[in-house]
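Visitor: Got a minute to walk me through this one? I'd like to go through some helices and their contacts.

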Amino acid sequence: MNRAATVLLTALAPVSWGTTYAVTTEFLPADRPLFTALMRALPAGLLLLALVRVLPRGAWWGRATVLGALNIGAFFPLLFLAAYRMPGGMAAVVGSAGPLFVIGFSALLLRHRPALRTLLTGVVAVFGVSLVVLKAAAGLDAVGLLAALASTASMSAGLVLAKKWGSPDGVGPLALAGWQLTIGGLLIAPLALLVEGAPPALDGAAVGGYLYLALAGTAVAYWLWFRGIGRLSATQVTFLAPLSPLTAAVVGWAALGEALTAVQLAGMALAFSATVAGQLGSRRTGAAPTVEGRREAPRKVVARRGTAVEG
């Protein structure tokens, strides 16, 4: 499959995540961020494990636990906490800072020096998405904002470590997604019970919402996301993140009756342009983190590190 098709398929993940906020506020029980995170992660992870029937081995138990904690165990509760405390798609807007977090973590963990063009593109993405949310700035909640920033940082660190570690030989993105979702869900479960108590009663709308999040928004989306991480550079993957708040804004306008001003439309155009530029710039420079694909890593280095990389 060519690179453009891989980018488009990977982009479906943040597009689906952009619908999370409308589903959370319109269909799910109020003030249950941990239970919602659990219902999204654990059923999806167990489903994927049942399909692949592959478990981690050796060092990958530790790596899968770290990735599961960052990408799921911390990210999901913080994400839903932000979604419950901030209006509309504003929690997703903070995710536009993801490229800047990834640039920083790549420099720290992979010693990957970012190009000035990449930094400027990341700033444009943040600025563009910020314009989308200007109308609701007065409604910002401090706890929700901090939770959204922490969730973005957590997933960005998980993305960079996933590039650094690659994947075990013969293990595909479906298994990697299953491991992380299951481990993350198991980490969330005791916390949800301790903090929120017994599960709430669910009506038909809530059951449908959780099914949508677990299947389309998690099982399928994370398979596509980890597949993209294995085939694209970290820069390309992270610059798809602004599609999430853009989708949230469009859903809010189309389904929830939220108005979009000319300034917001201009911001959406800027953010989308940054997303496209993030793909084109990375392809031209060829700059990618340490682990990019089997054909780009010398076999002796792979053997010395004791891990295979995903191509």
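Visitor: Which helix does Gly 158 lie in?

Guide: Gly 158 lies in helix α8, which covers residues 142–165. Bear in mind that this is a predicted model.

Visitor: Is Gly 158 buried or exposed?

Guide: Buried. Its relative accessibility is 0%, and buried means under 20%, so Gly 158 counts as buried.

Visitor: What does Gly 158 touch, leaving out residues up to four places away in sequence?

Guide: Leu 67, Leu 70 and Asn 71.

Visitor: How many residues apart are Gly 158 and Asn 71 in sequence?

Guide: They are 87 residues apart in sequence. In space, their C-alpha atoms are 5.5 Å apart.

Visitor: New topic. What about α3, how does its span compare with what's expected?

Guide: It agrees. Helix α3 runs over residues 33–52, so 20 residues. At 1.5 Å a residue these should span 28 Å, and the end C-alpha atoms are 29 Å apart.

Visitor: What follows α3?

Guide: Arg 53, with a positive phi near 55°.

Visitor: And α9, how many residues does that have?

Guide: Helix α9 has 24 residues, 173–196. From first C-alpha to last, α9 reaches 32 Å, close to the expected 34 Å.

Visitor: What comes after α9?

Guide: Gly 197 follows α9. The phi of Gly 197 is positive, near 80°.

Visitor: At what angle do α3 and α9 pack?

Guide: About 145°, with their axes 7 Å apart.

Visitor: Is the crossing of α3 and α9 left-handed or right-handed?

Guide: Left-handed.

Visitor: What sort of residues make up the contact of α3 with α9?

Guide: By class, 23 are nonpolar, 4 polar and 1 charged.

Visitor: Switching again. How do α1 and α12 pack?

Guide: Helix α1 is residues 3–17 and helix α12 is residues 243–255. Their angle is about 45°, and their axes are 7 Å apart.

Visitor: Why is α1 called oblique to α12?

Guide: Because of that angle of about 45°. It falls outside the ranges for roughly parallel (under 35), roughly perpendicular (65 to 115) and roughly antiparallel (over 145), so the pair counts as oblique.

Visitor: Left-handed or right-handed, the crossing of α1 and α12?

Guide: Right-handed.

Visitor: Which residues meet there?

Guide: From α1, Ala 11, Pro 14, Val 15 and Trp 17. They meet Leu 243, Ser 244 and Thr 247 in α12. The contact of α1 with α12 has 5 nonpolar and 2 polar residues, with no charged ones.

Methods:
Residues are numbered from 1 along each chain as its sequence is written. This is a predicted model: local features need pLDDT of at least 70, side-chain atom pairs count only at pLDDT 80 or more; totals for chains, interfaces and linings use all residues. Side-chain values use heavy atoms; hydrogens and water are left out. Axes are lines fitted to C-alpha atoms, for helices over the stretch in contact, and angles run from 0 to 180 degrees between N-to-C directions. Helices (H or I, at least four residues) and strands (E, at least two) are DSSP runs, numbered from the N terminus. A crossing is left-handed if the near helix is turned anticlockwise from the far one by less than a right angle, and right-handed if clockwise. Contact means heavy atoms within 4.5 Å. Ala, Val, Leu, Ile, Met, Phe, Trp, Tyr, Cys and Pro count as nonpolar, Asp, Glu, Lys and Arg as charged, and the others, Gly among them, as polar. The expected span of a helix is 1.5 Å times one less than its number of residues. Buried means under 20% relative accessible area, exposed over 50%, partly exposed in between (1.4 Å probe, protein chains only).
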